Amino acid sequence: MENTKNLEIYVHIPFCRHKCGYCDFLSAPAGRDTQEKYVQALEREIRGRAAQHRDYIVSTVFIGGGTPSVLKPELIGRILDALRCLYKVSSQAEITMEANPGTVDRESLAGYRRVGVNRLSLGLQSSWDEELTALGRIHTWQQFLDAYSAAVTAGFTHINVDVMSGLPGQTPDSYETTLRRVAELAPVPEHISAYSLILEEGTDFWERYGAGELILPDEDAERALYQLTGQVLREYGYQRYEISNYAKKGCACRHNTGYWTRENYLGFGIGAASLIDNVRFQNGRELEAYLEEPLGQREPLCLLSAAEQMEEFMFLGLRLTAGIPEQDFLDTFHCGLEQVYGEAIRRHIGQGLLAWQDCGDGRYLHLTERGLDLANYVMADFLEPSMP
């Protein structure tokens, strides 16, 4: 039967007002002329790839960056119009756009809502201005409050707020205050993403930390902040459904859940990655080359081996607190989960890091509360499957 396979679409906007000290994403400031040329290139790529994906239903669209909200609503609208015209976008599709509170106002947010964005992800990071300054963010707490209010007025009912822990100068008290301030917004955001600051090579923070100029919490302090996140957000009715994501019941991000369950996804724009029927590919990262010929910048295709598919299935699936359905593994790979990973499973169950849970549709292997704290340690044992 045609048109039964779901497809998620990611659109990368590589522009921002100012590069934050910790950011290693493919992004940089750009003027209006470059932004216009980039959207034209996106339209050409979207058109040029359409024939290859006629048999898919687009279930989600995620516009990320960079800072997509540096683009005017009209440009975002052109991107969405191209997708709706050339692809089978579901009428119930979740369409998310990331936004920086320092780049939006009442008029622009109303414009994004008008052109079809129905879910907004606001990058707060902290409710303390001194912590925001240390990060290099361009907004204040008050600007975030203004942006949040404007988003609600514009008709956004699905809003995510990003917060970060492990920041320079951050204390457990200041972080807890940020969590509570966000959870007590009116109306309450349905989704909160809580990430730990990660030092990435090549960033300003990496250089400053290596030079001894940047003081960050140690590993034990970071773990305590991570545990604090769950404790506080549970008080407000948020359920953790993934290592770093919390949502009100029924409000998990459909797009990101698709990544973790290995749905097909197609990326547009420089650096954007794709996975279609176990074939992985990625666009090149050079802006000028992409503007010149957006269809000619794709890197070589990579057909994932069975072992690589199993690795992804495990380390992505274990990120979800529900865990990995035993039957799904069997249906996908035609061999049992314990047949391939039995030794690792038994060891981590013995250490209290993994557990089986019986649900109505079978058993699920999931990380325990302690296992979630040590997720990287656990997942490392699932990277080399013992092929049957």
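This is a chat about pockets, helix packing and a few unusual residues in a predicted model.

Biologist: Before we start, what do the local features and side-chain atom pairs need here?

Modeller: This is a predicted model, so local features need pLDDT of at least 70 and side-chain atom pairs count only at pLDDT 80 or more, while totals for chains, interfaces and linings use all residues. Residues are numbered from 1 along each chain as its sequence is written, and side-chain values use heavy atoms, with hydrogens and water left out.

Biologist: OK, pockets. How much space lies in the second largest pocket?

Modeller: About 470 Å³. A pocket here is an open set of points on a 1 Å grid over the protein atoms alone, with protein on both sides within 12 Å along at least five of seven lines, and a lining residue has an atom within 4 Å of a point. The volume is the space filled by probe spheres set on the points, which are joined across faces, edges and corners.

Biologist: And which residues are closest to its centre?

Modeller: Trp260, Thr261, Arg262, Glu263 and Phe313, out of 21 that line the second largest pocket. Two or more lining residues each come from helix 9 (254–260), helix 11 (306–317), strand 13 (324–325) and helix 12 (326–333). Those elements are DSSP runs numbered from the N terminus: helices are H or I with at least four residues, strands are E with at least two.

Biologist: Which element gives the largest share of that lining?

Modeller: Helix 11, with three residues.

Biologist: What's the lining like by class?

Modeller: Eight nonpolar, nine polar and four charged residues. Nonpolar covers Ala, Val, Leu, Ile, Met, Phe, Trp, Tyr, Cys and Pro; charged covers Asp, Glu, Lys and Arg; the others, Gly among them, are polar.

Biologist: Sticking with helix 11, at what angle does it pack with helix 13?

Modeller: About 65°, and the axes of helix 11 and helix 13 (residues 337–350) are 13 Å apart. The axes are lines fitted to C-alpha atoms over the stretch in contact, with angles from 0 to 180 degrees between N-to-C directions.

Biologist: Left-handed or right-handed crossing?

Modeller: The crossing of helix 11 and helix 13 is right-handed. That's the near helix turned clockwise from the far one by less than a right angle; anticlockwise would be left-handed.

Biologist: Which residues meet there?

Modeller: From helix 11, Met310, Glu311 and Met314; from helix 13, Leu337, Val340 and Tyr341. That contact has five nonpolar, no polar and one charged residues.

Biologist: Is Met314 buried or exposed?

Modeller: Met314 counts as buried because its relative accessibility is 0%. Buried means under 20% relative accessible area, exposed over 50%, and partly exposed in between, with a 1.4 Å probe and protein chains only.

Biologist: What does Met314 touch?

Modeller: Leaving out residues up to four places away in sequence, Met314 touches Ile324, Phe329, Leu337, Tyr341, Leu365 and Phe382. Contact means heavy atoms within 4.5 Å. Leu365 is 51 residues from Met314 along the chain, with their C-alpha atoms separated by 9.8 Å.

Biologist: Switching to cavities, how many of 30 Å³ or more does the structure hold?

Modeller: One, with a volume of about 30 Å³. A cavity is a set of grid points where a 1.4 Å probe fits but cannot get out.

Biologist: What lines it?

Modeller: Val61, Leu80, Leu83, Arg84, Val89 and Ile95 line the largest cavity. Helix 2 (73–86) and strand 3 (88–99) each give two or more of its lining residues, and helix 2 has the largest share, three residues.

Biologist: Back to helix 9: what's His255 in contact with?

Modeller: His255 sits in helix 9 and is buried, at a relative accessible area of 0%. Beyond four places in sequence, His255 touches Glu8, Ile9, Tyr10, Thr60, Val61, Phe62 and Glu94.

Biologist: Now the backbone. Where are the cis peptide bonds?

Modeller: One joins Gly65 and Gly66, with omega about 20°; Gly66 is in the loop between strand 2 (56–65) and helix 2. The bond from Ala186 to Pro187 is cis too, with omega near -10°, and Pro187 is in the loop between helix 6 (172–183) and strand 6 (191–196).

Biologist: What about phi for Gln125 and His334?

Modeller: Gln125 has a positive phi of about 80° although it is not a glycine, and phi of His334 is near 60°. Gln125 is in strand 4 (residues 119–125) and counts as buried at 6% relative accessibility. His334 lies in the loop between helix 12 and helix 13 and counts as exposed at 68%.
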